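Please open the structure in your viewer and keep the selection panel at hand. The tour begins with a ligand contact and then moves on to helix pairs and backbone details.

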Amino acid sequence: MTANSTANTATASSQGLLMFESEDEAARRVAIEDLHARTAIYTASPVVDDLLLRLGWPSGTARLVDPSCGGGMFLARALSALLAARPAGFDPCGQIEGWEIHPIACIEARSRVAGILVSHGWSHAHAATLATDMVHNRDFLTEGPTTPQWDIVAGNPPYLRAANVPDLLRTEYSRHVPDYAQGDLLHSFLERYSRTVLPAGRIGLVTSDRWLFNQGASRLRENLGQRLSLAHAERLSAETTFYRPKQRRAGSPPRVHPVSVVLVSDDGAEQNLTGRPIHPGVDEERYAGLGLLGDFADVRIAPWLGTEGIFVIDAATSRGLPPECLVPAIDTDDIKDGMFGTPTRWAIRTVPGERPCPEIMAHLESRMHLMARRGRQGKV
Ligand SMILES: C[S@@+](CC[C@H](N)C(=O)[O-])C[C@H]1O[C@@H](n2cnc3c(N)ncnc32)[C@H](O)[C@@H]1O
């Protein structure tokens, strides 16, 4: 048994075995539960409808897949559009397919699909059978095809940094995903989409924008560019794009900048993706000939530092704390006429695994009650 499987089994054991379940099955169940909890952000139907329209769905006998279908919104909207465009009694079998790793989400997707069929005259029994055939409860990365199958790949692929993917699954994915696409689940899905879409097929996604411009995804873009070109990229609102943000309290939108993207499969076409960053909504000509920020500054995106007053403090609070523990912090309101003003805030610098000095500890403890519940883990 490897260290990873021991860790997973330990987690599974602490959650208990179900009847007739082996320890390996329990470890997998727990890993999938964890993965789903971290990645289930579902897409609102108006956004799905817009994207399907942009993809030209439905179209003749074209086949569509959502490889990570969650509760089945893409499948249901695609099915409704298909049935509305065909004569009564039309059998959509084989034209729409979904994959979902999480058993309960899969049941939800099947039942949503079956409901559409019933509303178009199918019997409950026939609709349930067809929905079960359409939606597979399987892992798309380890069990999905690797060769061109579908005219349209549509969905909102899971995004999760590899470090946060449960060990058991991450180890499996590393055997199925090329190294340049292993950094994030989203990259792994994009890479697989590029291989499974048919020539001249289309990929329509609602997705986090990072892969379009992050330096760490440049090899991914370059490799996708062997097969794909970008036909459309549009920013969406995080407040209205999703209807069930993952594990968040109501009113708190997911911390993601969503985009709607259409990619077209064009082998070797001139306009195919390259390693170069893409900035949706930005007029690149405005910046033509100018140097890049990265040429003279080392830029790293910091995590969100939380509600002001705890890790981000004003001048008055900063005066009582050791200067060596503070770094100037800037936000968009510090930029006036394109220039940084004098910083008015400071961020508290802590070091992983090191207890902050007594003054910082006293400050943090006095402000702990202001911290969002998810940030309080009983440690600083
Ligand atoms: C961001 S949600 C999107 C769901 C749906 N497409 C939508 O937009 O409403 C991603 C879903 O992918 C599923 N998922 C994650 N990894 C998967 C895998 N390897 N194979 C299949 N499904 C997966 C998660 O359980 C989750 O339900």
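Select the ligand together with His 36 to begin: an oxygen atom of the ligand is 2.7 Å from an N or O atom in the side chain of His 36, where a polar contact is a pair of N or O atoms within 3.5 Å, and where, within protein, one atom must be able to donate a hydrogen and the other to accept it, residues adjacent in sequence counting only if both atoms are side-chain atoms. The model is a predicted one, in which local features need pLDDT of at least 70 and side-chain atom pairs count only at pLDDT 80 or more, while totals for chains, interfaces and linings use all residues. Residues are numbered from 1 along each chain as its sequence is written, and side-chain values use heavy atoms, with hydrogens and water left out.

Keep the ligand selected and add Asp 66, which has a polar side-chain atom 3.0 Å from a nitrogen atom of the ligand; then add Tyr 173, where a polar side-chain atom lies 3.2 Å from a nitrogen atom of the ligand. If you widen the selection to the residues that surround the ligand (those with a heavy atom within 4 Å of it), you should find 21 of them, the closest being His 36, Thr 43, Ser 68, Glu 100 and Asp 139.

Tyr 173 also leads to a helix pair, since it is one of the residues of helix 8 that meet helix 2. Helices (H or I, at least four residues) and strands (E, at least two) are DSSP runs, numbered from the N terminus. Select helix 2 (residues 23–39) and helix 8 (residues 167–174), which pack at an angle of about 90 degrees with their axes 8 Å apart; the axes are lines fitted to C-alpha atoms, for helices over the stretch in contact, and angles run from 0 to 180 degrees between N-to-C directions. The two helices are therefore roughly perpendicular to each other, as angles under 35 degrees count as roughly parallel, over 145 as roughly antiparallel, 65 to 115 as roughly perpendicular and the rest as oblique. Show side chains for Ala 27, Arg 28, Ala 31, Ile 32 and Leu 35 in helix 2, and for Leu 168, Leu 169, Glu 172 and Tyr 173 in helix 8, to display the contact (heavy atoms within 4.5 Å).

Next, select helix 3 (residues 45–54) and helix 4 (residues 73–84), whose axes come within 10 Å and cross at roughly 55 degrees, so that these helices are oblique to each other. The contact is made by Ser 45, Val 48, Asp 49, Leu 51 and Leu 52 of helix 3 and by Met 73, Phe 74, Arg 77 and Ala 78 of helix 4.

From helix 3, move to the loop between helix 3 and strand 2 (64–66), where Pro 58 is placed. Which kind of peptide bond joins Trp 57 and Pro 58? The bond is cis, with omega about 0 degrees.

Go on to helix 5 (residues 103–119) and helix 6 (residues 124–134), whose axes come within 8 Å and cross at roughly 135 degrees, which makes helix 5 oblique to helix 6.

Finally, select Ala 200 in strand 6 (residues 197–208); phi of Ala 200 is near 70 degrees, a positive value in a residue other than glycine. Most residues other than glycine have a negative phi, and most peptide bonds are trans.
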